[in-house]
Amino acid sequence: MPEQTEKKKIKAKVLSGVGGLYRVLTENGETLECRARGSFRHSGISPYPGDNVLVTEEGTGMCAICEILDRKNIFERPPAANIDKLFITVAAASPSPAYITVDKLLCAAEYYGAESVILVTKSDLDREKAREIEDIYLKSGYTVFVTSSLKGEGVEELKRFVYDEIRGCTAAFAGESGVGKSSLMNALFPDLKLQTGEVSRKIARGRHTTRAVTLYPLDSVSAFTGAFLADTPGFGIFELSSIDKLVYDEVPELFPEFSRYFNTCKYRKCTHLREEGCEVLSAVAKGDIAVERHDSYVKIYEEIKALRPWQTKKTQK
Ligand SMILES: Nc1nc2c(ncn2[C@@H]2O[C@H](COP(=O)(O)OP(=O)(O)OP(=O)(O)O)[C@@H](O)[C@H]2O)c(=O)[nH]1
Ligand SMILES: [Mg+2]
Ligand SMILES: [Zn+2]
């Protein structure tokens, strides 16, 4: 027997990480506190919530993450890895809906290969606005739930969807601060007991109550197996520049409901911004594409073009 046997490596999932201290759930169902000690640290990579990792026991009661396993994807905002589904949350009122934030999050999810679901919250505050948001995103081909955590509206329906669709998956809530992400997670799974906060009366925006991304294993709060739900801190403004490889001529592909028109635009290199003979624009005029979505498209395209004017899909190759 060699004197120093290699330390046993245990597979685990990172639930949260604050100040270099990580909480992981091992495949044996144990929750451990860890530091990061692996060689990956030299290459500037650090574990993210959602990462699948290998951990070793250090003898001192402390454990160490020694390896990060392959990632399906990694979001910079909210910072999380291996997200299968993104629940993009938008309030009918308080704060008033910012379509650009929703559409940027939808673009990020399309880019990283996560499936998006739109959750409209606070329907009790403005029913008409809630329906308006629902119409826009249903028309765009997304799954939409209209909910009120306060009145319980839509909560059972969403819970059934969660049970059916996120088995074995990691889903994260994302959206502006104060839209009610933590409140809705509590309405779905009361045992989570997440902290929620007020919306500032003065600026009518949230106060950043949730401070860090945290994954909750659903089998700890309900009869559920192998699924994780992540609560994340809300944003003020969401910047797509956090996707550092996104180039402007990729932006059209991030709007799935536009794609069927691309081949019939008059010009082969149509940007779908304002060209004559653009079929995307004529679908907007006919009401087949929501005008709010096209407005966001123009903003996002121009923002990325201003940021990286010389980079295109060709130069990225
Ligand atoms: N009227 C009404 N208020 C709600 C509803 N859901 C949440 N709120 C209120 O909205 C405020 C913000 O809720 P949170 O759940 O903390 O929002 P959050 O999205 O988690 O915010 P951050 O953690 O800052 O990102 C709280 O005062 C909630 O009581 C709802 O369905 N109806
Ligand atoms: Mg919160
Ligand atoms: Zn076009």
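Begin the tour by selecting helix H4, residues 181–188: three residues of this helix lie in the shell around ligand 1, the largest share of that shell. The model on display is a predicted one.

**The surroundings of ligand 1**

Next, display the 25 residues around ligand 1; those that come nearest are Gly180, Ser183, Thr196, Thr210 and Gly234. Colouring the shell by class gives 15 polar residues, five charged residues and five nonpolar residues.

**The whole protein**

Zoom out to the complete chain, where seven helices and 13 strands can be traced. The C-alpha trace spans about 75 × 50 × 40 Å along its principal axes. A compact globule of 317 residues would have a radius of gyration near 20 Å, and the value for the protein, 21 Å, agrees with this. Buried residues account for 39% of the 317 residues. Among contacts with a separation of 6 or more, 66% are between residues 24 or more positions apart.

**Strands S2, S3 and S5**

Select strand S2 (residues 21–26) together with strand S3 (residues 31–36); the two run antiparallel and are joined by four bridges. Within this pair, Arg23 has Glu33 of S3 as its bridge partner. S2 and S3 form a hairpin, with four residues between the strands. Centre the view on Gly29 in the turn, which has a positive phi of about 90°.

Now add strand S5 (residues 63–68), which runs parallel to S3 and is joined to S3 by three bridges. Here Arg35 stands opposite Ala64 in S5.

**Strand S8 and its partners**

Move on to strand S8, residues 85–91. Seven of its seven residues are buried, so this strand is largely enclosed by the rest of the structure. Show the side chains to compare the two faces: Lys85, Phe87, Thr89 and Ala91 are buried on one side, and Leu86, Ile88 and Val90 are buried on the other.

Which strands should be selected beside S8? One is strand S9 (residues 115–121), which runs parallel to S8 and is joined to S8 by seven bridges. In that pairing, Val90 has Val120 of S9 as its bridge partner. Another is strand S11 (residues 170–175), which pairs with S8 in the parallel sense over five bridges. Thr89 stands opposite Gly175 in S11.

Include helix H1 (residues 99–112) in the selection as well: S8, H1 and S9 make a right-handed β-α-β unit.

**Unusual backbone positions**

The last stops concern the backbone. Most peptide bonds are trans, and most residues other than glycine have a negative phi.

Select Arg77 and Pro78; the peptide bond from Arg77 to Pro78 is cis, with omega near -10°. Pro78 is in the loop between strand S6 (74–75) and strand S7 (80–81). Then go to Ser94 and Pro95, where the peptide bond is again cis, with omega near 0°. Pro95 lies in the loop that separates S8 from H1.

Lys122 comes next, a residue other than glycine with a positive phi, near 60°. This lysine is in the loop between S9 and helix H2 (127–139). Is Lys122 buried or exposed? Lys122 counts as buried because 29 C-beta neighbours lie inside 10 Å.

Finish at His272, whose phi is also positive, near 60°. His272 is located in the loop between strand S13 (228–231) and helix H5 (279–286). With 23 C-beta neighbours inside 10 Å, His272 counts as buried.

How values were computed
Residues numbered from 1 in each chain as written. Chains lettered and ligands numbered in written order. Predicted model: local features only at pLDDT ≥ 70, side-chain atom pairs only at ≥ 80, totals over all residues. Near = placed C-beta within 6 Å. Nonpolar A, V, L, I, M, F, W, Y, C, P; charged D, E, K, R; others polar. Pairing = 2+ DSSP bridges. Buried ≥ 20, exposed ≤ 12 C-beta atoms within 10 Å, placed from the backbone. Right-handed = clockwise from strand over helix to strand, strands pointing away. Rg over C-alpha atoms; globule rule 2.2 N^0.38 Å. Contact = placed C-beta atoms within 7 Å.
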